[in-house]
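Biologist: I am new to reading structures, and I would like a close look at a single part of this one. Could you take me through the place where two neighbouring helices of one chain meet, and then point out anything else worth a glance?

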Amino acid sequence: MPPRVVSVSPAPPRARKAGSRLAWIGKCFLGGLALLTAVILGRNLLLDPKLFIQMVISGLQLGFVYALIALGYTMVYGIVKLINFAHGDVFMVGSFVSFYAVTRFELHVWPAAVFPQLPSALVVVIGSLTVMVLSMVVCVALAVTIERVAYKPLRDAPRIAALITAIGVSFFLEFFGALSFVFSPRFIPYQRPFEVVTWYVKDGVHLVSATQAPPEGSVTFSNIFLLIVLASVLTQVFLQFLVRRTKIGKAMRAVSFDKPAARLMGINVDQVISFTFAVGAAFAGLGGVLYAIAYSSIWSQLGILPGLKAFVAAVLGGIGSIPGAFVGALIMGQAEALTMGYISTPMRDAVAFTVLILVLLIRPTGIFGEPEKEKA
Amino acid sequence: MRAIKVACLLALSVLLMFTACAKEPETIKVAILAPLSGPVPTFGVMTRDGALLAIEEWNAKGGVLNKKITTVVEDSQCTPDPAVNAANKVIDQDKVKYIIGEVCSKASIPVSEIANSKKVIQISPTSTNPDVTVGKDGKVKEFIFRACFIDPFQGTVGAKFALDTLKVKNAFIMLDQANDYVKGLAEFFEKAYTAGGGKIVGKETYTAKDTDFSAILAKVAAAKPDVVYLPDYYNVVNLVSKQAKEKGIKAVFMGGDGWDSSDLDLKAADGGFFTNHYSPQDNRPEVQNFVKAFGAKYKDDKGQPKVPDALAALAYDAANILLQGIKEAGADDTTKVKDALKKISVNAVSGQIKFDANDNPVKSATILAVKDGKVVFNSVVNP
């Protein structure tokens with residue numbers, strides 16, 4: 001084993017003992033914070049339940065996108081103990097690939113060009129799927145290249161070196177993308193592969209018409225929201241299956257547990273690591289497309305904040321744990337949406353990162369994480 | 001020998017004095033400081049062309065005070081240092097007493113310090129920052145004027161338009177607290193709107209990097225305003241208006257000149273209004289004559305007449321205001337011209353212009369509408 005330089009493992013118990021006499025202050029503060037949050041949420045829920053549900057829906061939409069990104073963070077961390085900061089930028093590249101596919105090459109309508117008799121609904125579905133798959137493939141290629149070029153040579157170096165390299169790769173992608181002949185530094189209006197349709201719920205589900213606003217006290221949701229939820233849940237199921245039931249999944253778990261031993265058992269460790277990066281990047285690419293469709297404006301630094309928040313989500317859920325990343329992302333989405341709704345919009349990032357601090361203070365291993373065992 | 005020398009010198013100096021005296025009354029020199037290179041060269045070209053057109057028209061009518069007007073054009077690069085150098089050069093070397101420029105506020109402010117201390121009249125066509133005409137100590141810079149309205153003014157005009165033309169009483173304000181431009185517009189919109197009998201039903205802030213506005217828009221939907229005031233740049237407008245349309249929000253969106261961009265998502269912003277300095281589609285004779293004259297003098301790459309933008313119009317106005325001021329002062333004396341400018345009233349391309357106590361023009365603003373994929377002229381609102 002290489003010497004440990006950085007460790008994200010829990011605070012040593014010694015530190016806790018020393019401060020235990022004054023720990024009640026912190027506990028009271030945290031208790032007060034929890035109480036305040038509960039009061040704010042409860043009061044607003046009673047005040048206007050419809051608005052509250054609307055906020056929860058936008059939080060879910062955000063949370064499920066974060067989940068797609070967080071999976072990549074957590075899987076890579078689980079295998080190589082590397083926080084892959086370039087992951088958020090792979091997400092950005094995913095959204096740009098879909099932008100070019102739609103705007104330049106009109107890939108979203110290719111079935112109509114090849115098979116003119118196809119019904120338009122099917123054209124949209126196949127076309128959009130093609131765009132998503134293309135983004136995922138490009139992201140996979142990018143992530144595997146990054147892994148080979150930047151991380152693999154550092155596999156046996158101290159972990160801080162790999163971490164700094166990851167930050168470097170992240171900056172490279174952001175500012176290379178900002179060059180005028182790459183993605184340009186402008187905000188680019190995103191052309192969607194399909195139109196957004198919104199429904200409102202009041203005495204049943206109705207379509208929002210172009211001429212009339214939805215009635216008072218109704219809750220609205222869109223097809224994008226459904227798509228994001230569906231994609232995210234399917235991904236989660238697929239990953240559970242992949243990790244628990246397949247041979248490569250078994251290999252991933254083995255590499256995660258003990259790399260040298262796995263190698264001795266005849267597992268091609270490098271291939272498994274590349275595969276992990278590829279799977280994570282594919283989900284980030286999908287997330288990028290969905291995010292761009294939902295929020296419809298893209299630029300070269302699009303990936304920074306969603307990337308960081310997904311990282312917080314992964315830490316919150318317990319980094320290394322796949323269901324943890326999912327749950328953490330949903331909590332982050334809600335925290336953000338409810339902050340926007342009931343405190344103020346500029347506070348949302350502050351709250352998101354306060355969550356990170358609180359997690360590190362209270363339970364550094366996250367919700368689903370287990371304390372890291374020192375291996376001999 | 002010595003006497004001859006002295007006599008020669010005397011004769012020479014008399015000759016020099018004579019030529020100086022004889023030359024000076026013939027022309028009035030005006031300097032144009034425009035960012036012809038640097039980050040915004042199109043701004044500079046339009047500004048120069050607009051000002052030169054006005055001066056040419058005055059010369060065709062016989063100049064001002066029976067003197068021809070000559071120009072010195074300097075590239076000030078929208079940057080403080082080159083702008084200061086250019087200002088020093090035209091004032092000290094070319095002996096210019098009147099400056100039109102700069103375009104950018106950050107360059108106009110240092111130039112205004114020099115011009116004011118040397119009693120040189122400066123009229124900036126487009127610098128909207130309040131500090132251009134008022135010093136940090138709160139004192140008005142006596143010799144500095146501008147042709148454009150300042151940022152807060154747009155908010156006032158927007159409120160007036162919402163109340164008087166759209167006839168709506170409930171407004172929702174969305175603003176980026178960290179952007180002075182946005183903040184200024186929003187603040188004055190709110191003031192004028194409530195003073196005019198309107199009601200602000202909600203006010204929400206966001207940050208410049210936000211992409212998800214669903215929470216704010218949920219509140220907008222709940223507050224049911226008639227109009228949403230969003231005085232930000234086009235990139236934010238694109239996001240917000242698109243997401244609002246998808247949520248079924250039917251309120252009218254309004255903003256300021258930050259919307260004026262070829263990157264504005266015209267489909268998403270459809271039905272919106274924004275305040276701007278001028279529109280070439282305005283059919284007031286001043287505007288149409290200007291557009292015609294400009295197109296006749298300047299051609300684009302394809303040989304088509306160029307359509308002047310707001311920068312050209314404001315530079316044209318700035319030159320006209322200056323020359324009108326000199327004419328009304330009746331003398332080529334900056335102190336007199338300054339006093340004349342303070343009382344002036346010019347019917348300019350960008351509206352009727354008068355100066356207030358802070359040397360900012362009180363004038364009408366143009367309202368543009370986004371309609372069927374085009375930005376079209378709607379109306380002119382007077383303050």
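Modeller: Happy to! Let's start in the loop and work outwards. A:K81 is partly exposed, because 19 other C-beta atoms lie within 10 Å, and a residue needs 20 or more to count as buried. Keep in mind as you look that this is a predicted model.

You will find A:K81 in the loop between α3 and α4 of chain A. Check its backbone too: A:K81 has a positive phi, about 55°, although it is not a glycine.

Now look at the two helices on either side of that loop. Helix α3 of chain A covers residues 49–80, and helix α4 of chain A covers residues 87–103. The two pack with their axes 10 Å apart, at an angle of about 140°. That angle makes α3(A) oblique to α4(A), because only angles over 145 degrees count as roughly antiparallel. As for handedness, the crossing of α3(A) and α4(A) is right-handed.

Which residues make the contact between α3(A) and α4(A)? From α3(A) come A:I69, A:G72 and A:Y73, while α4(A) brings A:H87, A:G88 and A:F91. Sorted by character, the residues of this contact are three nonpolar, three polar and no charged.

For the extra glance, turn to chain B, where another residue invites the question we asked about A:K81. B:L65 also has a positive phi, of about 50°, and is not a glycine. Its place is the loop between α2 (41–60) and β2 (68–75) of chain B. B:L65 counts as partly exposed because it has 15 C-beta neighbours inside 10 Å.

Chain B holds a backbone detail of another kind as well. The peptide bond from B:G101 to B:E102 is cis, and its omega is near -15°. B:E102 sits in the loop between β3 (98–101) and α4 (105–117) of chain B.

Finally, a word on confidence. The mean pLDDT of chain B is 87, with 93% of its residues at 70 or more. Among the elements of chain B, strand β8 (residues 227–229) has the highest mean pLDDT, 95, and helix α1 (residues 2–23) the lowest, 59. Where pLDDT is low, the predicted coordinates should not be read in detail. For the complex, the predictor gives an ipTM of 0.71 and a pTM of 0.74.

Terms used: Residues numbered from 1 in each chain as written. Chains lettered and ligands numbered in written order. Predicted model: local features only at pLDDT ≥ 70, side-chain atom pairs only at ≥ 80, totals over all residues. Axes fitted to C-alpha atoms, helices over the stretch in contact; angles between N-to-C directions. Helix = DSSP H or I, 4+ residues; strand = E, 2+ residues; numbered from the N terminus. Parallel < 35°, antiparallel > 145°, perpendicular 65-115°, else oblique. Left-handed = near helix turned anticlockwise from the far one by under 90°. Contact = placed C-beta atoms within 7 Å. Nonpolar A, V, L, I, M, F, W, Y, C, P; charged D, E, K, R; others polar. pLDDT = per-residue confidence, 0-100. Buried ≥ 20, exposed ≤ 12 C-beta atoms within 10 Å, placed from the backbone.
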